[in-house]
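Here are some short exercises to work through with the model open beside you. Try each task before reading its solution.

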Amino acid sequence: MHIGIVTREWPPDVYGGAGVHVEHLAAALRGLEDGPRVDVHCFGGERADAVGHAVPAGLREANGALQALGVDVEIAGALAGVDLVHSHTWYANGAGLFAGLVHGTPHVVTAHSLEPRRPWKADQLGGGYRLSSWVERTAYLAADAVIAVSNGMRADVLDAYPDLDPARVHVVGNGVDAQAYRPVADPDVVRSLGVDPDRPYALFVGRITRQKGVTHLLAAAEQLPAEAGLVLCAGAADTPEERRQVADAVAALQERRDGVVWIEAMLPREQLVPLITGATVFVVPSVYEPLGIVNLEAAACATAVVASAVGGIPEVVDDGRTGLLVPYDPGDTAAFEAGLAARVAELLADPARAAAMGAAGRERVLAEFGWPAIARQTVEVYAAVLAGRG
């Protein structure tokens, strides 16, 4: 079985959960005994372990969505001869769609997020969002199989694309490398990042994008007890405007209270893991999240999680056991922010309870979210697709 995996993100250019997923899935597939041959095609420059594809010269000044399709055309041309194409995110879906049309190659899509569930992108990207939405819809409806990373994501896929045959939508969850993400207590690393390791702190890690709910967390922080620390490890803003909005809110918060630290970077793992381990509580205030791999990373580091009860998060955060969930109603964001503040404060005030939740989260990760099992489930989807084509 010869598989062509297509992704926008590949190390060292990984900035989101989809990129983390592809990196670890490819490694796990390659590590399976009698597993498939895997070629990875990614956007960007040459890699030692993948084939990089640059934006065609004639499109370098074009809209970003057109650039992505240009790369997809290049990749589709390179996919001749593989048995099956597996694409991740709309950026790469076009390559799988084109390969299916030109070469007759079966195409599997993994749904990490959905364009119809991110309408704010229309304000940011204009025509680019209309094109990305068209690519995603066309690729999903034409795909031989769609893999959703959670049951909640499967429901979203079928709701967004009701013409899609439910029998073609499979659930294979996200995973986490429990060796790379494990409890590592290193106060010196935490201190080097400008964070007081002796002060209980809540931690957010993620991109600055409306989807991740950073502004809601900053509003909630106004309601936290004075002794509570808040650390934001947040970078890669979607737009300059969003970055400015967060910067203004952080500056205003820092004027009114101490213990607020903004690390505007996506940290390397050797710094990130001790920062997560040192946190009393990890906060995921997303307004939309198919699963949220950061929930698994925090749990793997034995840190309790407070998260919004959206998408696939309730399938990962066991409310009352590995963390606490907060209902999200887009029509009443004030209640959501108050709920976040209350749940975070609850665990900051009871570090023993938070530690017990963190330990339970680590146990659950080890039992249910290992990459080898996810790779085997993915191969089962490949085999079913190829058998159906035979």
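**Exercise 1. Residues with unusual backbone angles**

Task: Where is Asp-34 placed, and is Asp-34 buried or exposed?

Solution. Step one: Asp-34 sits in the loop between H1 and E2, where helices (H or I, at least four residues) and strands (E, at least two) are DSSP runs, numbered from the N terminus. Before going on, a word on the source: this is a predicted model, in which local features need pLDDT of at least 70, side-chain atom pairs count only at pLDDT 80 or more, and totals for chains, interfaces and linings use all residues. Residues are numbered from 1 along each chain as its sequence is written, and side-chain values use heavy atoms, with hydrogens and water left out.

Step two: the relative accessible area of Asp-34 is 78%, so Asp-34 is exposed. The cut-offs are under 20% for buried, over 50% for exposed, and partly exposed in between (1.4 Å probe, protein chains only).

Step three: look at the backbone. Most residues other than glycine have a negative phi, and most peptide bonds are trans. Asp-34 is not a glycine, yet its phi is positive, about 60 degrees. Thr-89, in the loop between strand E4 (84–88) and H3, is not a glycine either and has a positive phi of about 75 degrees. For the peptide bond, turn to Pro-11 and Pro-12, which are joined by a cis bond with omega about 10 degrees. Pro-12 belongs to the loop between strand E1 (2–7) and H1.

**Exercise 2. Checking helix lengths**

Task: What span is expected for helix H1 (residues 17–31)?

Solution. Step one: the expected span of a helix is 1.5 Å times one less than its number of residues. Step two: H1 has 15 residues and should therefore span 21 Å; its end C-alpha atoms are 21 Å apart, which agrees.

Step three: repeat this for two other helices. Helix H3 (residues 90–103), with 14 residues, should span 20 Å, and its end C-alpha atoms are 20 Å apart, in agreement. Right after H3 comes Gly-104, with a positive phi near 75 degrees. Helix H13 (residues 351–368) has 18 residues and reaches 25 Å from its first C-alpha to its last, close to the expected 26 Å.

Step four: find the buried side of H13. Its buried residues include Ala-354, Met-357, Gly-358 and Arg-362. The buried residues of H13 pack against helix H11 (293–300), strand E12 (304–308), strand E13 (323–326) and helix H12 (333–348).

**Exercise 3. A pair of helices**

Task: At what angle do the axes of H8 and H9 cross?

Solution. Step one: two packed helices are described by the angle between their axes and the distance between the axes. Axes are lines fitted to C-alpha atoms, for helices over the stretch in contact, and angles run from 0 to 180 degrees between N-to-C directions. Step two: the axes of helix H8 (residues 214–221) and helix H9 (residues 240–256) cross at roughly 10 degrees and come within 10 Å.

Step three: H8 and H9 are therefore roughly parallel to each other, since angles under 35 degrees count as roughly parallel, over 145 as roughly antiparallel, 65 to 115 as roughly perpendicular and the rest as oblique. Step four: contact means heavy atoms within 4.5 Å. H8 contributes Val-214, Thr-215, Leu-218 and Ala-221, while H9 contributes Gln-245, Val-246, Ala-249, Val-250 and Leu-253.

**Exercise 4. Aromatic pairs**

Task: How many aromatic pairs are there?

Solution. Step one: rings of Phe, Tyr and Trp (its six-membered ring) pair if their centres lie within 6.5 Å; planes under 30 degrees apart count as stacked, over 60 as edge-to-face and the rest as tilted. Step two: this rule gives 3 aromatic pairs. One of them, Tyr-140 with Tyr-161, is tilted, at 5.4 Å centre to centre and 55 degrees between the planes. Tyr-140 lies in helix H5 (residues 127–142) and Tyr-161 in the loop between helix H6 (151–160) and strand E7 (169–171), so the pair ties together parts that are 21 residues apart in sequence.

Step three: Tyr-140 is buried at 1% relative accessible area, and Tyr-161 is buried at 3%.
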